[in-house]
Amino acid sequence: MLDPRILADDPDLVKAHLMRRNASDSLISSVDELGALTERRNALIVEGDGLRASRNTLSKQIGGLMREGKR
């Protein structure tokens with residue numbers, strides 16, 4: 001099993017090991033694709049966390065306004 005952190009931190013090392021094992025060119029090029037997908041996933045996680053925090057803040061504000069009777 002390949003550790004995703006190694007793939008993200010040192011893709012050249014992974015490629016070198018694949019070359020030594022006579023892996024196909026398509027498999028070696030997929031290392032870059034996986035790195036790009038990992039970066040995209042991390043960006044989406046950060047974006048989702050920010051949106052969730054914003055939603056929680058707005059929910060508290062709406063709750064406070066509803067308690068005050070301001071609709």
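I will go through the overall form of this protein, then its surface and charges, and finally its nonpolar core.

Please keep in mind throughout that what we are looking at is a predicted model. As for the secondary structure, the protein has three helices and zero strands, and if you read along the sequence the pattern is simply α-α-α.

Turning to the overall dimensions, the C-alpha atoms fill a box of roughly 70 × 15 × 15 Å when it is taken along the principal axes. The radius of gyration is 22 Å, whereas for a compact globule of 71 residues one would expect a value near 11 Å.

Now to the surface: of the 71 residues, 13% count as buried, and the protein exposes about 6,200 Å², of which 57% is supplied by carbon and sulfur atoms. With regard to charge, there are 12 positive and 11 negative charges, and the mean positions of these two sets lie 14 Å apart.

Where, then, is the largest nonpolar core, and which residues belong to it? It has five residues, namely Leu-7, Val-14, Leu-18, Ile-28 and Val-31, and the elements that give two or more residues to this core are α2, covering 11-20, and α3, covering 25-67. As general background, nonpolar side chains in soluble globular proteins tend to be buried together.

Let me finish with one member of that core, Val-31, which, leaving aside its neighbours within four places in sequence, is in contact with Leu-7, Pro-11, Val-14, Lys-15 and Leu-18. Among these partners, Leu-7, Val-14 and Leu-18 are themselves listed in the core alongside Val-31.

Technical notes
Residues are numbered from 1 along each chain as its sequence is written. This is a predicted model: local features need pLDDT of at least 70, side-chain atom pairs count only at pLDDT 80 or more; totals for chains, interfaces and linings use all residues. Side-chain values use heavy atoms; hydrogens and water are left out. Helices (H or I, at least four residues) and strands (E, at least two) are DSSP runs, numbered from the N terminus. The radius of gyration is taken over C-alpha atoms; the globule rule is 2.2 Å times the number of residues to the power 0.38. Buried means under 20% relative accessible area, exposed over 50%, partly exposed in between (1.4 Å probe, protein chains only). Accessible areas come from the Shrake-Rupley method with a 1.4 Å probe; for residues, only the protein chains shown count as cover. Lys and Arg count as positive and Asp and Glu as negative; His and the chain ends are not counted. The place of a charge is taken as NZ of Lys, CZ of Arg, CG of Asp or CD of Glu. A nonpolar core is a set of buried Ala, Val, Leu, Ile, Met, Phe, Trp, Tyr and Cys residues joined through side-chain atoms within 4.5 Å. Contact means heavy atoms within 4.5 Å.
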